[in-house]
Amino acid sequence: MRSLGTPDNAHQANRGVSLKAGTIGMTIMLVIFLVALVFAANENDVVGWLVVIVSLGWLLVFSFVVFSLRSAAKKASAKFGEAQDSFNRAAGRNVNGPTSESSAMRDEKLDHSFKIIQVQAKVIRDYQGKDQGMVDRAIETIEITAHNARGMMKNSDDDGPVQGTVVNE
């Protein structure tokens, strides 16, 4: 999803820092409230209880701010993700795998490659023992076509096995 801009791991690292900062701040405010509450309960005077009320107010304000910012950040992240996906679609990049249009085009190209291989196999059968040059060119054409077809089916240029879903018709 993030072919442009920051990579996913950098995005996660930035998100982790802000999440930790909010959690640490929330913990500090909660500790201040609890300390004020304990001192007010021990002293049992009006000033102590006023400090508890003030610290509770600040805790509630801080909680509201933290949770509002987290919610807004999630919404903004979703909007940025949608914008990135639409940009990728407009640029012709695959967003979450092949689209039906690119998949249909690839299937058509693969079908054409298999037809070429079938024709060259017929050429080999027809000219085997008669014209070795024609047979060699047909074999070379089959090798090139098979290499190109495998390239359409694979994500990388390595020589490992092709990965995908087998469709039986």
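Helices and strands are runs of residues assigned by DSSP, with at least four residues for a helix and at least two for a strand, and they are numbered from the N terminus. With that in hand, you can read the chain along its sequence as the pattern α-α-α-α. In other words, its secondary structure comes to four helices and zero strands.

## How far to trust the model

Keep in mind that this is a predicted model. The average pLDDT of the chain is 78, and 74% of the residues score at least 70. Take a little care at the start of the chain: residues 1–7 stay under 50 in pLDDT, and the model has 15 contacts for them beyond four places in sequence. Where pLDDT is low, the predicted coordinates should not be read in detail.

## The chain as a whole

The chain has 169 residues, and 17% of them count as buried. About 13,100 Å² of the chain is exposed, with carbon and sulfur atoms supplying 62% of that area. Now look at the contacts between residues at least 6 apart in sequence: 49% of these join residues at least 24 apart.

## Helices H1 and H2: a core and a patch

Which residues make up the largest nonpolar core? There are eight of them: Met26, Met29, Phe33, Ala36, Ala40, Val52, Leu59 and Val66. Helix H1 (8–43) and helix H2 each supply at least two residues of this core. The largest share, five residues, comes from H1.

Nonpolar side chains also turn up on the surface. Val54, Trp58, Val61, Phe64, Val65 and Leu69 make a nonpolar surface patch of about 640 Å². One of these residues, Val54, is found in helix H2, which covers residues 46–90.

## Helix H3: two salt bridges

How many salt bridges does a search of the whole structure find? The search finds two, and the table shows both.

| Salt bridge | Closest N and O atoms |
|---|---|
| Asp111 and Lys115 | 3.3 Å apart |
| Lys122 and Asp126 | 3.0 Å apart |

Start with Asp111 and Lys115. Because they are four residues apart in helix H3 (residues 100–127), about one helical turn separates them. Asp111 has a relative accessible area of 40%, so it counts as partly exposed. Lys115 is partly exposed too, with a relative accessible area of 46%.

The other pair is Lys122 and Asp126. Both residues lie in helix H3, four residues apart, which is about one turn of the helix. Are they buried or exposed? Lys122 is partly exposed, with a relative accessible area of 46%, and Asp126 is partly exposed at 36%. The term fits because partly exposed covers the range between the buried cut-off, under 20%, and the exposed cut-off, over 50%.

## Helix H4: a look at Arg137

Where is Arg137? Its place is in helix H4, which covers residues 132–153. Arg137 has a relative accessibility of 48%, so it counts as partly exposed. Try finding Gln120 as well: Arg137 and Gln120 are 17 residues apart along the chain, and their C-alpha atoms are separated by 8.9 Å.

Methods:
Residues are numbered from 1 along each chain as its sequence is written. This is a predicted model: local features need pLDDT of at least 70, side-chain atom pairs count only at pLDDT 80 or more; totals for chains, interfaces and linings use all residues. Side-chain values use heavy atoms; hydrogens and water are left out. Patches are made of residues with over 30% relative accessible area and no salt bridge: like charges are joined within 9 Å, nonpolar side chains (Val, Leu, Ile, Met, Phe, Trp, Tyr) within 5 Å. Accessible areas come from the Shrake-Rupley method with a 1.4 Å probe; for residues, only the protein chains shown count as cover. A salt bridge is a side-chain nitrogen of Lys or Arg within 4 Å of a carboxyl oxygen of Asp or Glu. pLDDT is the predictor's confidence in each residue, from 0 to 100. Contact means heavy atoms within 4.5 Å. Buried means under 20% relative accessible area, exposed over 50%, partly exposed in between (1.4 Å probe, protein chains only). A nonpolar core is a set of buried Ala, Val, Leu, Ile, Met, Phe, Trp, Tyr and Cys residues joined through side-chain atoms within 4.5 Å.
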